[in-house]
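Visitor: Could you take me through one part of this model up close, and then show me how that part fits in with the rest?

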Amino acid sequence: MALVLTSVAVITGGILAALNQLTKDPIAYQKEKALADGIKTVMACNDLVVAKSDVVKQTDAKGKELVYTIYQTQDKQGKDLGAAVESSTMGFGGNLKILVGFDPEGKILGYTLLEHAETPGLGAKADKWFQEGGKGNIIGKNPKEELVVSKDGGQVDAITASTITSRAFLLAVNNAYKAYKNTPIDGATGASKQIDN
């Protein structure tokens with residue numbers, strides 16, 4: 001009996017490993033395509049190129065290291081369109097990862113949720129709630145003055161029955177803005193430096 005179970009486990013493990021190898025490249029391609037489509041969506045422009053990308057590390061007030069990826073975008077003529085910034089924070093159900101597009105002045109052009117574990121029907125509404133036409137519309141706003149939910153004295157309506165997710169989402173947007181606007185660039189290499197908040 002033990003020999004049969006061991007054989008089945010070894011064969012099944014081999015099949016899973018082979019399937020993992022076969023699907024690794026298509027999965028990576030789909031992730032790259034989703035990111036490229038996401039950048040076009042949040043920048044509200046289909047005709048753009050990513051001029052460069054930087055990974056920026058910052059330390060928050062609690063000493064936790066935060067990592068952002070900033071995709072500087074240009075049109076075909078080389079004109080700066082702003083940047084799309086990946087930002088994440090902890091939501092109600094787990095990690096909440098977003099991609100936010102900013103114009104050169106810092107106004108929000110758009111956003112998309114890349115990953116979340118929020119409650120379906122409640123926190124998961126963040127994908128539309130803060131869009132143009134949504135109750136908590138942030139499109140066109142500049143987070144120079146932090147975006148805060150109205151329950152905390154701010155100007156953005158929180159998702160009904162999902163204030164924790166709303167706070168987490170706005171924190172991710174505010175942090176993305178700070179990473180975009182406050183990242184010093186090394187003039188010699190063009191690389192981002194680590195900064196502390």
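Guide: Let's take helix 3 and work outward from there.

First, some ground rules. This is a predicted model, so local features need pLDDT of at least 70 and side-chain atom pairs count only at pLDDT 80 or more, while totals for chains, interfaces and linings use all residues. Residues are numbered from 1 along each chain as its sequence is written, and side-chain values use heavy atoms, with hydrogens and water left out.

About that confidence score: pLDDT is the predictor's confidence in each residue, from 0 to 100. The chain averages 83, and 86% of the residues score at least 70. The stretch to handle with care is residues 185-197, where pLDDT stays under 50. Where pLDDT is low, the predicted coordinates should not be read in detail.

Now the layout. The chain has 3 helices and 6 strands, in the order α-β-β-β-β-β-α-α-β along the sequence. Here helices (H or I, at least four residues) and strands (E, at least two) are DSSP runs, numbered from the N terminus. Helix 3 covers residues 163-182. Its 20 residues should span 28 Å at 1.5 Å a residue, and the end C-alpha atoms are 28 Å apart, which agrees; the expected span is 1.5 Å times one less than the number of residues.

How covered is helix 3? Of its 20 residues, 14 are buried. Buried means under 20% relative accessible area, exposed over 50%, and partly exposed in between (1.4 Å probe, protein chains only). For the chain, buried residues make up 36% of the 197.

Start with Ser 166, a residue of helix 3. Ser 166 has a relative accessible area of 0%, so it counts as buried. A polar atom of the Ser 166 side chain lies 2.8 Å from the backbone nitrogen of Ile 159. Leaving out residues up to four places away in sequence, Ser 166 touches Phe 130, Val 149, Ala 158 and Ile 159, where contact means heavy atoms within 4.5 Å.

Phe 130 leads us straight into the largest nonpolar core, which has 32 residues; Phe 130, Ile 138 and Phe 169 have the most contacts inside it. A nonpolar core is a set of buried Ala, Val, Leu, Ile, Met, Phe, Trp, Tyr and Cys residues joined through side-chain atoms within 4.5 Å. At least two residues of this core come from each of strand 2 (65-74), strand 3 (80-90), strand 4 (95-102), strand 5 (108-115), helix 2 (126-129) and helix 3. Helix 3 gives the most, with 9 residues. In soluble globular proteins, nonpolar side chains tend to be buried together.

Next, Phe 169. Not counting residues up to four places away in sequence, Phe 169 touches Leu 96, Ile 98, Tyr 111, Leu 113, Ala 126, Phe 130 and Ile 138. Apart from the core we've been in lies another, of 8 residues, among them Leu 48, Tyr 71, Ala 84 and Leu 99.

What about the rings? The structure holds 4 aromatic pairs. Rings of Phe, Tyr and Trp (its six-membered ring) pair if their centres lie within 6.5 Å; planes under 30 degrees apart count as stacked, over 60 as edge-to-face and the rest as tilted. Tyr 111 and Phe 169 pair edge-to-face, at 4.9 Å centre to centre and 65 degrees between the planes. Tyr 111 sits in strand 5 and Phe 169 in helix 3, so this pair ties together parts that are 58 residues apart in sequence. Tyr 111 is buried at 2% relative accessible area, and Phe 169 is buried at 0%.

Phe 169 also pairs with Phe 130, this time stacked, with 4.4 Å centre to centre and 10 degrees between the planes. That pair links distant parts of the chain, with Phe 130 in the loop between helix 2 and helix 3, and Phe 169, 39 residues apart, in helix 3. Phe 130 is buried too, with a relative accessible area of 0%. Elsewhere, ring pairs link Phe 102, Tyr 177 and Tyr 180 into a cluster.

For contrast, look at Glu 145, also in the loop between helix 2 and helix 3. Glu 145 is exposed, at 65% relative accessible area. The C-alpha atoms of Glu 145 and Asn 174 are 8.8 Å apart, although 29 residues separate the two along the chain.

Notes. A polar contact is a pair of N or O atoms within 3.5 Å; within protein, one must be able to donate a hydrogen and the other to accept it, and residues adjacent in sequence count only if both atoms are side-chain atoms.
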